[in-house]
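Q: Please take one part of this model and go through it closely. Keep the cut-offs explicit.

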Amino acid sequence: MAELRDASPHPWNDGFTWRDHDGPGRTLSAEQRAAFDADGFIVVHDVFDADTLAAVDAELAPMVERVNELLRGVDGGRISVAAADRLGVCPHAVVLSEVLRRFVASSPFTDVCADLVGDDVRLYWDQAVYKYPANDEPVLWHQDNGYTYVEPQDYLTCWVPLVDATLDNGCVWVLPGVHRLGTLAHREDRLGFTCLPEGTDGAVAVPCPAGSMVVFSSLTPHRTGPNHTDAMRPAYIVQYLADGAVALGGDPATTSAADAVRTPLDDPTRQFPVLVGGVTASA
Ligand SMILES: O=C(O)CCC(=O)C(=O)O
């Protein structure tokens with residue numbers, strides 16, 4: 001496991017236990033599910049064709065361009081992890097696009113959700129993340145549950161590159177095994193939230209060809225490297241959680257988990273069901 005000298009649990013993470021994914025799988029093999037339980041990530045290969053990825057990019061690229069215009073007008077050119085001409089982040093793209101609503105409810109995702117989330121699953125969050133050419137800034141080590149604290153803590157992230165994601169253009173890196181500890185404390189850095197320093201031992205690069213996706217837990221610490229190429233590295237990040245999950249709000253330093261404000265994650269415009277009783281729901 002990674003060197004965790006610099007990590008501590010999130011104040012609301014009290015006695016987390018990871019539940020392994022036993023039982024028959026719908027699409028993932030027993031080996032893939034065991035790897036997900038042990039390492040906190042897998043690569044699911046060859047699930048999207050080039051036309052589908054082009055259609056997703058055609059929806060997302062103009063949205064990212066509009067966000068970039070807005071970021072250029074902001075003091076310092078940056079809002080949290082998003083930065084003008086460096087990292088274009090456009091959340092909730094499904095609200096604006098029927099094509100994307102159908103994409104996030106399609107079978108590569110729902111089959112993986114049936115195996116790793118359960119029978120009743122909602123879209124939690126979707127966002128375009130476009131890493132601009134010649135961008136030397138990494139996205140720092142974080143867990144997705146380190147941004148907004150969700151309970152249950154473990155939900156699923158599908159990281160879908162729209163071109164080949166490589167060491168040169170900013171592929172995902174992970175810290176295998178750390179997800180089993182639950183949510184770690186995060187601090188806010190200029191480049192976004194982070195739980196561990198750059199250079200932490202045990203990091204594994206996960207290059208991913210277009211057409212495949214990296215599937216990891218909301219508890220898996222991950223980062224992406226700089227984009228040293230002269231081309232954009234576009235990705236669509238799609239997250240799913242068990243129906244009934246809630247977001248906890250309040251300052252963890254001064255509020256206990258029991259006293260935190262609990263917000264249902266069921267906004268019908270962007271957190272719609274994708275599986276109901278194990279059956280695909282129409283988006
Ligand atoms: O795609 C990237 O460069 C980073 C995305 C990421 O880590 C996230 O959205 O949580």
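A: Glycine 40 follows helix α1, and its phi is positive, near 90°. Helices are DSSP runs of H or I with at least four residues, strands are runs of E with at least two, and both are numbered from the N terminus. This is a predicted model, in which local features need pLDDT of at least 70 and side-chain atom pairs count only at pLDDT 80 or more, while totals for chains, interfaces and linings use all residues. Residues are numbered from 1 along each chain as its sequence is written, and side-chain values use heavy atoms, with hydrogens and water left out.

α1 itself covers residues 30-39. Its buried residues are Arg33, Phe36 and Asp37. They fall within an arc of 95° seen down the axis, so they line one face of the helix. Buried means under 20% relative accessible area, with exposed over 50% and partly exposed in between (1.4 Å probe, protein chains only). The arc is taken from the directions from the helix axis to the C-beta atoms.

What covers that face? The cover of the buried residues includes β1 (41-44), α4 (107-116), β8 (156-161) and β13 (213-217). Contact here means heavy atoms within 4.5 Å.

β8 also has a loop to note. Proline 152 sits in the loop between β7 (149-151) and β8. The peptide bond from glutamate 151 to proline 152 is cis, with omega near -5°.
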